[in-house]
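Please look over the fold shown below. The report starts with strand pairing, then turns to helix packing, the core and one loop residue.

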Amino acid sequence: MPIKFSKETSSRLFRYVKSVDIRFNPFDNRTTSAREFWRQMQATRYRKMNPRLEINTHVLGSASPPEIVLKLIDDTEKRYDSRNYTASEIFFDVHLSLDNLDNEFELSGKSLDD
């Protein structure tokens with residue numbers, strides 16, 4: 001059974017995200033997970049925890065594959081071709097990455113408030 005992140009932990013971890021770019025064609029069946037990811041990112045808990053979080057949506061009129069790109073505070077990017085994943089799989093992988101980043105910050109004595 002995979003690890004389950006609580007809403008509180010999930011919201012706190014999204015403090016490490018600078019921006020989220022979501023690209024999809026709304027009429028393409030391959031974009032279901034990108035649209036669901038976008039819908040879930042609209043939750044006010046993410047905005048409350050990280051008021052500077054930018055969520056950019058690019059609605060495409062072409063057959064380009066759907067893509068989700070998260071830019072983290074350490075300037076790394078996480079890219080997902082969302083055709084290959086469900087929204088919950090993407091969120092799970094994002095949470096694991098953010099949890100690792102949180103642990104790195106804690107071990108190095110850094111703080112987001114610095």
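In this predicted model, strands S1 (residues 17-24) and S3 (residues 67-72) run antiparallel and are joined by six bridges. Val20 faces a partner across this pairing: Leu70 in S3 stands opposite. Strands of a sheet pair through backbone hydrogen bonds, in either a parallel or an antiparallel manner.

The wider sheet is open and has four strands, in the order S2-S1-S3-S4. Its pairing is mixed. Strand S2 (54-59) and strand S4 (77-81) are the edge strands, each pairing on one side only. From one strand to the next, the twist averages 10°.

Two helices pack on this sheet, as the table shows.

| Helix | Residues | Strands touched | Direction angle |
|---|---|---|---|
| H2 | 32-41 | S1, S2 and S3 | about 140° with S1 |
| H4 | 87-108 | S1, S3 and S4 | about 170° with S4 |

**Buried side of H2**

Which residues of H2 are buried? They are Ser33, Ala34, Phe37 and Met41. These residues lie on the same side of H2, because they cover an arc of only 100° around the axis. An α-helix has 3.6 residues a turn, so residues three or four places apart point the same way. The buried residues of H2 pack against several elements: S1, S2, S3, H4 and helix H3 (44-49).

**Nonpolar core**

The largest nonpolar core has 24 residues. Phe14, Val20, Phe37, Met41, Ile68 and Leu70 have the most contacts inside this core. S1, H2, S3 and H4 are the elements that give two or more residues to it. H4 supplies the largest share, six residues.

Val20 and Leu70, the pair that stands opposite across S1 and S3, both belong to that list of core residues with the most contacts. Phe37 and Met41 are on the list too, and both are among the buried residues of H2.

What does Met41 touch, leaving aside its neighbours within four places in sequence? Met41 is in contact with Phe14, Val20, Tyr46, Leu53, Ile55 and Phe91.

**A loop residue with positive phi**

Asp75 is found in the loop between S3 and S4. Its phi is near 65°, a positive value in a residue other than glycine. Most residues other than glycine have a negative phi.

Is Asp75 buried, partly exposed or exposed? Asp75 counts as partly exposed, because its relative accessibility is 47% and that class runs between the 20% and 50% cut-offs.

Technical notes: Residues are numbered from 1 along each chain as its sequence is written. This is a predicted model: local features need pLDDT of at least 70, side-chain atom pairs count only at pLDDT 80 or more; totals for chains, interfaces and linings use all residues. Side-chain values use heavy atoms; hydrogens and water are left out. Two strands pair if DSSP finds at least two bridges between them. Axes are lines fitted to C-alpha atoms, for helices over the stretch in contact, and angles run from 0 to 180 degrees between N-to-C directions. Contact means heavy atoms within 4.5 Å. A nonpolar core is a set of buried Ala, Val, Leu, Ile, Met, Phe, Trp, Tyr and Cys residues joined through side-chain atoms within 4.5 Å. Buried means under 20% relative accessible area, exposed over 50%, partly exposed in between (1.4 Å probe, protein chains only). The arc is that of the directions from the helix axis to the C-beta atoms.
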